[in-house]
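Ready for a few exercises on reading a protein model? Have a go at each task before you peek at the solution.

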Amino acid sequence: MHHRERTSRRHFIALAGGAAFAGTVQLRPAKATPAMLASAIRNVVGEAPVRVGKVKLDIPPLVENGNTVPMTVSVESPMTEQDHVKSIHVFNEKNPQPNIGNFYLGPWAGRAQVATRIRLADSQKVVAIAQLADGSFWSASADVVVTLAACTEEG
Amino acid sequence: MAAALISVPKQAKRGDIIEIKALTSHIMETGYRRTAAGDLVPRDIITSFACRYNGREIFRADLFPAIAANPFFSFFTVANESGKFEFEWIGDNGYSNTASAAITIL
């Protein structure tokens with residue numbers, strides 16, 4: 001009985017500590033850390049190796065306004081039934097969330113290229129990963145310097 | 001219903017690789033911003049975009065708060081038959097928007 005009480009007290013302290021921690025996180029949204037980036041990538045690729053190459057990530061190296069940054073990802077691929085790009089996944093290092101976008105395509109695309117505009121909350125690394133029809137993953141990364149950050153400023 | 005801007009070639013030769021561009025007006029509120037009073041502004045983003053060519057899905061995107069306001073996408077497809085491109089955006093708070101464009105194969 002005595003033992004059980006102590007356990008529940010410890011449990012309570014752990015819970016309270018957790019709540020306090022959650023409170024801090026809410027007050028100041030945590031930025032995606034390189035560890036979060038790595039786990040977001042693992043969620044997509046699983047245990048498969050990610051090789052550098054085939055992917056081209058076009059993004060300006062220096063941007064004034066992080067609220068809208070043009071980005072183009074293209075992949076070297078014949079886009080045939082046997083050999084094509086199935087998906088392209090883009091990640092960042094330091095936004096509040098590590099994901100930017102997932103794009104799904106197929107041999108009917110003819111050209112493996114996707115462009116969009118993204119937000120960057122800080123100067124950081126952007127990573128693009130492509131999954132090919134054979135299941136292999138290829139990547140490219142780029143460092144971007146941002147002078148005016150996006151996302152977390154007062155609205 | 002928010003305005004959408006679509007760019008699809010009106011005509012193409014069979015087998016041409018054509019570029020498709022789609023933009024829709026949307027705030028893409030990240031859910032990480034605060035008002036001057038310190039209140040968190042709730043997230044309001046488009047979460048999914050898809051394009052179908054004569055009923056077949058040719059492009060799909062999952063969007064996160066890191067996609068800029070007024071989401072813009074450019075992608076490619078092989079023009080192989082006359083018909084219709086249909087675009088669909090789905091998002092938070094029941095957001096839904098559609099657009100379409102026709103193509104003629106010469």
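Below are three exercises, each with its solution.

This is a predicted model, where local features need pLDDT of at least 70, side-chain atom pairs count only at pLDDT 80 or more, and totals for chains, interfaces and linings use all residues. Residues are numbered from 1 along each chain as its sequence is written, while chains are lettered from A and ligands numbered from 1 in the order in which they are written.

**Exercise 1.** Find which strands join S8(A) and S3(A) in pairing with S9(A), and in which sense.

*Solution.* Strands here are DSSP runs (E, at least two residues), numbered from the N terminus, and two of them pair if DSSP finds at least two bridges between them.
- Start with S1 (residues 50-52): three bridges link this strand to S9 (residues 137-148), in the parallel sense. Look for A:Arg51 with A:Trp138.
- Next, S3 (residues 62-65) also runs parallel to S9(A), again over three bridges.
- Finally, S8 (residues 124-132) is antiparallel to S9(A), with eight bridges. Here A:Ala128 sits opposite A:Ala140.

**Exercise 2.** Look at the link between S8(A) and S9(A), and describe the turn.

*Solution.* The two strands make a hairpin with four residues between them. Now check A:Gly135 in that turn: its phi is positive, about 90°.

**Exercise 3.** Work out what each chain brings to the contact between A and B.

*Solution.* Chain A gives 30 residues and chain B gives 27 residues, where contact means C-beta atoms, placed from the backbone, within 7 Å. On chain A's side, S6 (99-104) and S7 (113-118) each supply at least two residues. S6(A) also pairs antiparallel with S5 (residues 56-63) of chain B over four bridges, and A:Gly101 stands opposite B:Leu63 there.

Definitions and conventions: Contact = placed C-beta atoms within 7 Å.
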